[in-house]
Each structure stands twice: as structure tokens, then as C-alpha cells.
Amino acid sequence: MGPILKIFAFPAAIILICLGILTILGGHITPGGGFQGGAMIASAAILCIIVYGIEKSPIQLSHNFISIIESLGALGYVLIGIAGLFFAGFFLYNTGADFYNLLPQVIVNIFHYPDVTNAGIVPYLNIFVGLKVFVGLSAVVIAFSQFKSKEME
Amino acid sequence: MINFGPIFFGFIIGLLVGLSMKNNPKTEISLTSGSFVVITIVAIVCAWQLGPFPYYTDFPIATGFLFGAIGLIFGKLLVSKA
């Protein structure tokens with residue numbers, strides 16, 4: 001790739017990541033959410049891989065990092081669902097909003113997302129899905145970029 | 001009322017992503033600390049232009065965007081020092 005693209009790509013990737021974070025955090029009241037925001041963050045990593053190459057990319061996702069974030073996303077989602085099952089009797093019950101008045105206020109305050117909307121656990125689910133999608137889509141592109149064609153071998 | 005959700009979780013997600021930006025000796029781009037100051041200023045301008053997204057009224061800027069950028073740079077500094 002050309003030098004102009006190499007100068008531009010990494011700062012643009014940082015802005016792309018921030019936009020992805022904003023999409024994840026606004027997912028409960030605006031279009032977007034965990035998957036869309038995670039895909040936007042992954043697009044930043046993919047842009048760097050395409051422009052700089054897998055070995056020279058400034059965003060280096062190691063195997064350990066990918067497995068930790070992927071596990072964190074899946075485990076967090078399931079644990080929040082199990083919290084609903086444990087406290088209210090329903091898997092993925094919105095323990096942060098408690099629309100059916102099943103829970104004591106202490107439990108609701110723990111799971112309540114701190115903003116003016118009464119979204120409960122939905123932003124937390126968006127965050128976990130976003131992290132999981134970010135590393136999942138990036139891992140696919142990293143795996144594809146490491147394949148070598150038969151002519152190169 | 002200040003919405004702490006996007007401030008706190010924007011920083012956390014930015015930090016997690018920033019931890020993957022290690023100093024790669026093979027890379028062809030070398031950003032100085034001045035470059036990151038410029039990126040921060042651009043992020044503040046972007047956050048200002050986005051406005052109080054989504055429908056918040058506590059600050060005139062998109063706090064999730066701004067704290068995401070701060071978390072990114074903080075995460076990169078953390079892994080660069082290590």
C-alpha cells in the first residue's frame with residue numbers, strides 16, 4: 001500500500017474504534033448495539049491488517065488476547081442471564097429494570113445501568129456482545145490473512 | 001444528572017482495545033506523543049460534532065466517544081511502558 005494510506009490508516013482506525021464504542025453504548029436507545037459496534041471496532045483492526053499487513057499491523061491481537069476477550073464476552077452474557085434466573089426465576093430477566101416488581105431494590109440497583117434511561121441489563125449485554133464480535137470477526141480476518149497461496153509456497 | 005454509564009464503560013472498552021496496540025518494532029508507522037495529542041484533539045472535535053449522543057443532556061459532547069478515545073490512548077500507553 002502507498003505511504004499516504006499508511007499515514008492515514010492508523011489514526012482513522014482509532015476514530016473508527018471510538019465510533020464503534022459509541023454505537024455499543026447507545027445500543028439500548030438508538031439503532032446499533034453490540035454486534036454493529038463490535039463489527040465497527042473489528043473493521044478498524046481489519047483496516048490496519050489490510051494496509052500494513054498482518055505482521056506490521058499496529059493493532060496486534062494475540063491468541064491469548066482473543067481467547068480472553070471471547071471468553072469474557074460469552075461468560076458475561078451467560079452470567080447476567082443466570083443472575084436473572086437466580087434472583088427472579090427467569091433466564092435473562094431484566095434484573096436492572098425489574099418491570100414485574102419481583103426483586104428487592106438492592107438487587108435492582110446492582111444491575112441498573114447508570115444513565116437516565118431505565119435500560120437495566122441491556123447495555124451490559126450489548127457491551128459483552130460487542131467485545132465478543134470484535135475479537136470474533138478480527139480472528140476470522142487474521143486467520144484468512146495468514147493463509148498462503150500455492151504459488152507462494 | 002451525570003450519566004456515568006458511557007463515561008465508565010467507554011473508558012473500559014477503549015482500554016481493552018488499547019491493550020492490543022503494542023509497540024510493534026516491525027511496523028512502518030511510528031506515531032510520536034505529539035501525534036496522539038493531535039488524535040485526542042480530533043476525537044474531542046468529533047465528540048463535539050456528534051453532540052450528546054444518545055439523547056443525553058448532561059454534557060454537550062458524546063462522552064462515550066471521548067472516554068473511548070481516552071481509554072484507547074491510556075491502554076496503548078500501558079502496554080508501551082510494559
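## An exposed serine before a helix

A:Ser62 is exposed, because just 11 other C-beta atoms lie within 10 Å, and the cut-off for an exposed residue is 12 or fewer. Keep in mind as you look around that this is a predicted model.

Where does A:Ser62 sit along chain A? Its place is in the loop that links α2 (34–52) to α3 (63–88) of chain A. If you would like a second landmark, try A:Tyr124: A:Ser62 and A:Tyr124 are separated by 62 residues in sequence, and their C-alpha atoms are 25 Å apart in space.

## Helix α3 of chain A

Let us move on to the helix that comes after that loop. α3(A) is built from 26 residues. Its first and last C-alpha atoms are 37 Å apart, close to the 38 Å expected at 1.5 Å a residue. At the far end, α3(A) is followed by A:Gly89, which has a positive phi, near 95 degrees.

Which residues of α3(A) are buried? They are A:Ile69, A:Gly73, A:Tyr77, A:Ile80 and A:Gly84. The cover over the buried residues of α3(A) comes from both chains: it includes α5 (122–145) of chain A and α1 (4–18) of chain B.

## Chain B on its own

Chain B has three helices and zero strands, and its elements run α-α-α from the N terminus on. Taken along the principal axes, the C-alpha atoms of chain B fill a box of roughly 45 × 20 × 15 Å.

Of the 82 residues in chain B, 41% are buried. Looking at contacts in chain B with a separation of 6 or more, 75% of them are between residues 24 or more positions apart.

## Where the chains meet

How many residues does each chain bring to the contact? Chain A contributes 32 residues and chain B contributes 34 residues. On the side of chain B that touches chain A, the elements giving two or more residues are α1, α2 (33–50) and α3 (63–81) of chain B. Among these, α1(B) supplies the largest share, with nine residues. α1 of chain B is also one of the elements that cover the buried residues of α3(A), which makes that helix a good place to pause when you turn the model.

What is the makeup of this side of chain B by class? The side of chain B that touches chain A has 22 nonpolar residues, nine polar residues and three charged residues.

Technical notes: Residues are numbered from 1 along each chain as its sequence is written. Chains are lettered from A and ligands numbered from 1 in the order in which they are written. This is a predicted model: local features need pLDDT of at least 70, side-chain atom pairs count only at pLDDT 80 or more; totals for chains, interfaces and linings use all residues. Helices (H or I, at least four residues) and strands (E, at least two) are DSSP runs, numbered from the N terminus. A residue is buried if 20 or more other C-beta atoms lie within 10 Å of its own, exposed if 12 or fewer, and partly exposed in between; C-beta atoms are placed from the backbone. The expected span of a helix is 1.5 Å times one less than its number of residues. Two residues are in contact if their C-beta atoms, placed from the backbone, lie within 7 Å. Ala, Val, Leu, Ile, Met, Phe, Trp, Tyr, Cys and Pro count as nonpolar, Asp, Glu, Lys and Arg as charged, and the others, Gly among them, as polar.
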